[in-house]
Amino acid sequence: MIKHHYEKASRRALNIIWNAAGRYDFDPCFMAFHSNGQADDYFNTIIGLTDKWLDLTEIAAFFSSYAAHPKAGEFDEFLWLGIEDFVYERELPERPALANMRKLRGEEFFKIQQTLSEQQMTMQSMPVYRQQQTRWAEVTGRHLPLLNTREKRMSETLRFSSNNTAGMDVPSKSADTEHVIRIMRVFLQEYFRYDPVADPRIKKELRGWKAWYSRLASQDYRQKDILLIRTGSGLGDPANAVAVRWEGRRAPQHSEKLDAENRAYIESLFGPCRFTETELQQAESLLCTGNDTGCRLWFVNAAAKQAGNARFGMALSDGAREERPHHPDPEIADTLQRMQIQYKNNRRFLQEHRMMINESIKKLSSELEVLLSSFSRGLPENGRTGHLVPEKAYRISLLHDPLVFVREGDVREMHLRVDILLDASQSRMNSQERIASEGYMIARSLLQNHVPVSVTAFRSLRGFTVLEELKGPDDTDCNGILHYYAGGWNRDGLALKAMHYLYNEKDRQPADDLRLLLILTDASPNDTVAGSSFGKNYEGAAAVEDAAAAVKSLRADGVRTAAVFHGSASHLENVYRIYGKEYIRVFSLQQFSGSVADLLQMVLRESGS
Amino acid sequence: MSDIIEFLKDEKVDPVLLDGVRQFRAEFSLAGSEEKLKGRIPEADYLYYGREVWEKALAAVLAGKNLLLCGPKATGKNVLADDLAACFRRPAWNISFHINMDASWLIGADSYDGNKVVFRPGPVWLCAKEGGFGILDEVNMARNEALAVLHSTLDHRRMIDVPGYEKIDVHPAARFIGTMNYGYAGTRDLNEALSSRFAILQMPSISDADLERLLAARFPKMREKIRTQFVRLFIEIDKKAQSAEISERALDLRGLLDALKLTEQGLDAGDALEMCLINKTFDSYERTLIRDVVNARIPHDLSSSEIFD
């Protein structure tokens, strides 16, 4: 019922949670979905209300404390039933509609149970099911199921509101949180003989969810994160939506052998590096310094990627059967197959929305045409012919200055080159089709105006920051962009530095008047490899500053850098910090073309001035 | 409709300002040939709630200043503008601005009366001549060049000079009240020359307490507990719009009041809110988000008899 965060992100669930919490500036640690992938409005409201009435960080820390236990999922479901009871009672006087929502949720529970197959029923945890059944039967006024003594006591304990011994007239958030955590501990100790705090497998104190999560995702574990691709569509079954999976055991320390293994892994997934060994070392010695010490780079061009796909028998044409790529490593073969499926999802999305996408391309192309033609026209200038400027006429006889006319500026030859950088980290998993389509739309619109454009995806994985070219600047076909998929981390600073490096390469140094780098981003850089300025991970304000410094350096070299942002409101400050005012926020595909045109106009105008 | 001054007294607006309003009324009462303009005095169906804003607005009008009301949607800009005209008992000319607005739209244009070419005065001209309150709605929708003709009308010169026709002085009771919202599509910044001719009042979002009072006044039979839920619903939609999760389309105070009117007629709250609030946005995803907020506050089948005594 309730899935851990990062397994499935859904804007709707988030909105329900934020609305109930009354604030929009936090990332909840839980979100609730029905088995069909739709957001569970009642339980998401409860999660939001938990933030309102209890300290959600403390509650999440408790949940995290037993995450390694084999029955963690079962515990979650029990404890959320208890919390539901508690926050429901607290909120009801202020929100009478909650009673109606609760009743509907109860009815829905029984409706869903009727549709479950025998197999699905057997997969459920029966103790959890019995408690849920009891709770929802009470709520909907049905006959209560027959419970044995233990189950009855369990059901009583899960009434967290009636177990409130704090006995305060005025509720206090910290006292309530303490009370709820105490009951949760008692519940686990009494019915499962388990105390998370005393568990030797987790030698840590409850010092907050963030601290624990940060340790879990620390550098020591990075060698084992596995690139997985979501198999469902954007609204698919959250059970199939897998983000970054962690191995349960600690990985061995960094070693040459491991480095070689990781490199082989990266090469298998993305294809060979476009640079020779010496060139790559040069690039790394220049770029992987300071904040990025210890990081590695990998540059893949579109042609090598295609060759790599063919090598493993990846069938990417529309009609091709989905055959499993024949790589000896089953894990890599699995990932390659997921890439293949994502490519088809991207294509399908493009097909399904082709009317709107074609219309947007047409609109963006025409706006770009006007923009580029006005940009290429110079400002009016003084001349010997043209319109007489009366107030300057005296200069002819007095100063013998013939430049008293003003004439239209000449049309100047202008070279514009655009590079699009797509954030391909796992946080983009639920927008993959959309991001691929957006990259496709911009690239097609620019191509129609004869502007060379390249599209590159970037992600960081196992310590490697990979720049994967999806469409080369000379390609006239934009279908390569549909190979976009999300997975891994995003070390924005290093990716931007690597792009900067590529700009300085010989083959990218024609006499361009203007180079524009457009980044489709969520402005939330993070990676599991730390750097000199970072604690355990590359994240937070320091990572934002690192990315901002990379953008500053690009701009100092004349590369106009702007961002198309679609992320949560909590990252708006980050995007402003990194890109200044040269960004737009996009909410839907419909508004995409108009927003991008506005952004390009802003960038080109500033370049003109 | 009782006198708006009584309402302002209840709002605890500074009595000195209210005396000023009474003096203004006495000095500029509509009499004689001006009687025909009485139909132009707004009825003030909706009253603006907010003492501080009232005091600022009254002071600006009494001091002879033109007023620019700026603020996001649902902050009561037009309500206040109408209420000001009603309060001072002056005829109002509502002028909706748009991108193709030009001088002839505002001041007037040549016309043919069958015998000769004559000047057909525009709303700004009429308002200036008759001493009305010109409400320049969404003033920043028009191009700044088109608005340049208003400069002499709005500043200390207080006159309009139409080449080839007569020059008129702006009536001492005439005031111009602009409204503008930066966020709407098609709006632009007002240039300095124009904005310097207005006293600018930033309109705050309506507070919980003021919205409660507004609903209580409009729907006296509404149950208090239900009224609180509608107020919180509006505040929650406002918060969602401010967090840029939805557009401002559904942030519609008029829509909320209309929905309550529909429930008064017997419609269930869910259907009424669907028609007057949720369907204001045409994006289906956005509608879902707004519906979630509504459902978490107001049960869909909440009936008229449950809402009103």
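This passage describes a buried strand and its neighbours in chain A, followed by a nonpolar surface patch. The structure is a predicted model, in which local features need pLDDT of at least 70 and side-chain atom pairs count only at pLDDT 80 or more, while totals for chains, interfaces and linings use all residues. Residues are numbered from 1 along each chain as its sequence is written, chains are lettered from A in the order in which they are written, and side-chain values use heavy atoms, with hydrogens and water left out.

Seven of the seven residues of strand 11 (residues 559-565) of chain A are buried, so this strand is largely enclosed by the rest of the structure (buried: under 20% relative accessible area, exposed: over 50%, partly exposed in between, with a 1.4 Å probe and protein chains only; strands are DSSP runs of E of at least two residues and helices runs of H or I of at least four, numbered from the N terminus). In a regular strand the side chains alternate between the two faces of the sheet. In strand 11 of chain A both faces are covered, with Val559(A), Thr561(A), Ala563(A) and Phe565(A) buried on one side and Arg560(A), Ala562(A) and Val564(A) buried on the other.

Strand 11 of chain A runs parallel to strand 10 (residues 514-521) of chain A, to which seven bridges join it, pairing being assigned where DSSP finds at least two bridges; Arg560(A) is the bridge partner of Leu516(A). Three bridges, also in the parallel sense, link strand 11 to strand 12 (residues 583-585) of chain A, where Ile584(A) stands opposite Val564(A).

Elsewhere, Leu398(A), found in helix 16 (residues 394-399) of chain A, counts as exposed at 62% relative accessibility.

Methods
Patch = residues over 30% accessible without salt bridge, like charges linked within 9 Å, V, L, I, M, F, W, Y side chains within 5 Å. Areas by Shrake-Rupley, 256 points an atom, 1.4 Å probe, with all protein chains shown as cover. Salt bridge = Lys/Arg side-chain N within 4 Å of Asp/Glu carboxyl O.
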